[in-house]
Amino acid sequence: MTPFGEAVRALRQRKGVSQKEMAAAIGVSPAYLSALEHGRRGTPTFDLLQRIAGYFNIIWDEAEDLFALAGFSAPRVSLDTSGLPAQYTAFANRLARMIRQLDPDVIEEMDRLLTKAANTP
């Protein structure tokens with residue numbers, strides 16, 4: 001599941017609607033909505049994001065958060081390490097091979113480190 005899929009499922013459950021009901025309301029198939037929730041589809045289009053936000057009648061701040069989650073929810077990610085030192089390429093490859101085996105606490109710590117690095121000038 002992706003962060004976006006998790007958020008959509010939570011919104012849907014909060015509203016008390018099925019995938020079938022929501023899919024019909026936003027103009028997609030129930031199979032597509034299920035695949036989107038489970039991370040078997042790529043990032044939704046901006047148009048679909050707007051339809052989802054409108055369907056749930058969420059305020060702008062919450063819609064922005066949902067749109068941001070969509071940006072972090074591509075289930076297949078590629079990293080371009082061309083031009084970087086060899087250790088970067090090795091790290092990216094090791095991460096790709098090991099991601100499914102990492103403990104959630106390790107992922108949380110790596111995420112914390114990435115956030116810290118992004119906020120460091």
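Buried here means under 20% relative accessible area, and by that cut-off Gln 19, Met 22, Ala 23 and Ile 26 in helix α2 (residues 19-26) are buried. Keep in mind that this is a predicted model. Below is a quick tour of how α1 and α4 pair up, which sides of α2 and α4 are covered, and what a few single residues are doing.

**How α1 and α4 pair up**

- Helix α1 spans residues 3-15 and helix α4 spans residues 46-56; their axes come within 11 Å and cross at roughly 25°. Angles under 35 degrees count as roughly parallel, so α1 runs roughly parallel to α4.
- As for handedness, the crossing of α1 past α4 is left-handed.
- On the α1 side, the residues that meet α4 are Phe 4, Val 8, Leu 11, Arg 12 and Lys 15. Their partners in α4 are Leu 49, Ile 52, Tyr 55 and Phe 56.
- Sort the residues of this contact by type and you get seven nonpolar, two charged and no polar.

**The two sides of α2**

- Back to the buried set in α2, namely Gln 19, Met 22, Ala 23 and Ile 26. These residues sit on the same side of α2, because they cover an arc of only 100° around the axis.
- Flip to the other side of α2 and you find Lys 20 and Ala 24, which are exposed.
- What do the buried residues of α2 pack against? They pack against α1, α4 and α3, the last of these being residues 30-37.
- Right after α2 comes Gly 27, with a positive phi near 80°.

**The buried face of α4**

- In α4 the buried residues are Leu 48, Leu 49, Ile 52, Ala 53, Tyr 55 and Phe 56. Look down the axis of α4 and these buried residues fall within an arc of 160°, so they line one face of the helix.
- Four of those names, Leu 49, Ile 52, Tyr 55 and Phe 56, also turn up in the contact with α1.
- The cover over the buried residues of α4 includes α1, α2, α3 and α5, where α5 is residues 60-71.

**Asn 57, the residue after α4**

- Asn 57 follows α4 and is found in the loop between α4 and α5.
- Most residues other than glycine have a negative phi. Asn 57 goes the other way: its phi is positive, near 50°, and it isn't a glycine.
- Is Asn 57 buried or exposed? It counts as exposed, because its relative accessibility is 68% and the cut-off for exposed is over 50%.

**Ser 18, between α1 and α2**

- Ser 18 lies in the loop that links α1 and α2.
- With a relative accessible area of 31%, Ser 18 is partly exposed.
- Along the chain, Ser 18 and Pro 30 are 12 residues apart, and their C-alpha atoms are separated by 9.2 Å.

**Glu 62, in α5**

- Glu 62 has its place in helix α5, and at 30% relative accessibility it counts as partly exposed.
- Which residues does Glu 62 contact once its neighbours within four places in sequence are left aside? Those are Leu 11 and Arg 14. Leu 11 is also one of the α1 residues that meet α4.
- From C-alpha to C-alpha, Glu 62 and Pro 85 are 39 Å apart in space, with their positions 23 residues apart in sequence counted as the separation.

Terms used:
Residues numbered from 1 in each chain as written. Predicted model: local features only at pLDDT ≥ 70, side-chain atom pairs only at ≥ 80, totals over all residues. Heavy atoms only, no water. Axes fitted to C-alpha atoms, helices over the stretch in contact; angles between N-to-C directions. Helix = DSSP H or I, 4+ residues; strand = E, 2+ residues; numbered from the N terminus. Parallel < 35°, antiparallel > 145°, perpendicular 65-115°, else oblique. Left-handed = near helix turned anticlockwise from the far one by under 90°. Contact = heavy atoms within 4.5 Å. Nonpolar A, V, L, I, M, F, W, Y, C, P; charged D, E, K, R; others polar. Buried < 20%, exposed > 50% of the residue type's maximum accessible area, 1.4 Å probe, protein only. Arc of directions from axis to C-beta.
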